[in-house]
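I opened this entry to record what I looked up in the model, beginning with the overall fold and ending with the packing of the interior.

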Amino acid sequence: MDEGSAPKPVLEIVFGTLIMIVIIFVHGAGIRTINQRFSESWVHVNDTTAYWRLNLLLAITIGSLAALHFTETLLWAIPIFLAGLIPSMRDSYYYVLESYTTLGEGSISLPDRWRLVGPIIAMSGLFTFGWTGSVLVSIMTDLGKLDKVRAKDLRDRGPPEGTDPEP
């Protein structure tokens, strides 16, 4: 791409928006799959399920969500690299990670005539992280309800045999 060419904001916005649509579609499909797998596991949970199993389910879910975000950022980095906007794939991925997370303090930047793409990457990160946050709130709500049931059962059973009740 010719460094001396004039900026074409419409092209920047169309390029960024099309990739953002793909990213959000991928996120939706990924979130749905992760949520379905969590729900399929959750139906087997009861008030006697071991805590380590619950923690493992939570860890797998969070790991899956993180992997989804790493995939999405890779899907941003590939076209930026292939378009020659950033010459190395590693630098392209680094730039995308910084923009997607809105950290934005890196030493790598897009050419001036493509700089509108950076904020579009940040917008996609805001959308997808917000969506991920809502899924985590839902999951933690389920875990919190289970904890309440367990606490109530423990309270109703009273202290174990052979122990003094609390004063």
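What percentage of the 167 residues in the protein chain is buried? I noted first that the model is predicted, and then that buried residues make up 32% of the 167 residues in the chain.

Fold and dimensions. I found four helices and zero strands in the protein chain, with the elements running α-α-α-α from the N terminus on. I looked up the radius of gyration, which is 23 Å for this chain, whereas a compact globule of 167 residues would have one near 15 Å. The C-alpha trace spans about 85 × 30 × 20 Å along its principal axes. Turning to contacts with a separation of 6 or more, I read that 72% of them join residues 24 or more positions apart.

Surface and charge. I recorded an accessible surface of about 10,600 Å², with 64% of this surface belonging to carbon and sulfur atoms. I also recorded 13 positive and 17 negative side chains, the centres of the two sets lying 5 Å apart.

Interior. I looked up the largest nonpolar core, which has 18 residues, and listed W76, I80, L110, V117 and I121 as those with the most contacts inside it. Helix 1 (9-42), helix 2 (51-82), helix 3 (89-100) and helix 4 (117-157) each give two or more residues to this core, and helix 1 gives the most, with four. I then followed I121, which, leaving aside its neighbours within four places in sequence, is in contact with W76, I80, Y95, V96, S99 and Y100. Finally, I noted a second, separate core of 14 residues, including W42, V45, L58 and L146.

Methods. Residues are numbered from 1 along each chain as its sequence is written. This is a predicted model: local features need pLDDT of at least 70, side-chain atom pairs count only at pLDDT 80 or more; totals for chains, interfaces and linings use all residues. Side-chain values use heavy atoms; hydrogens and water are left out. The radius of gyration is taken over C-alpha atoms; the globule rule is 2.2 Å times the number of residues to the power 0.38. Buried means under 20% relative accessible area, exposed over 50%, partly exposed in between (1.4 Å probe, protein chains only). Contact means heavy atoms within 4.5 Å. Accessible areas come from the Shrake-Rupley method with a 1.4 Å probe; for residues, only the protein chains shown count as cover. Lys and Arg count as positive and Asp and Glu as negative; His and the chain ends are not counted. The place of a charge is taken as NZ of Lys, CZ of Arg, CG of Asp or CD of Glu. A nonpolar core is a set of buried Ala, Val, Leu, Ile, Met, Phe, Trp, Tyr and Cys residues joined through side-chain atoms within 4.5 Å.
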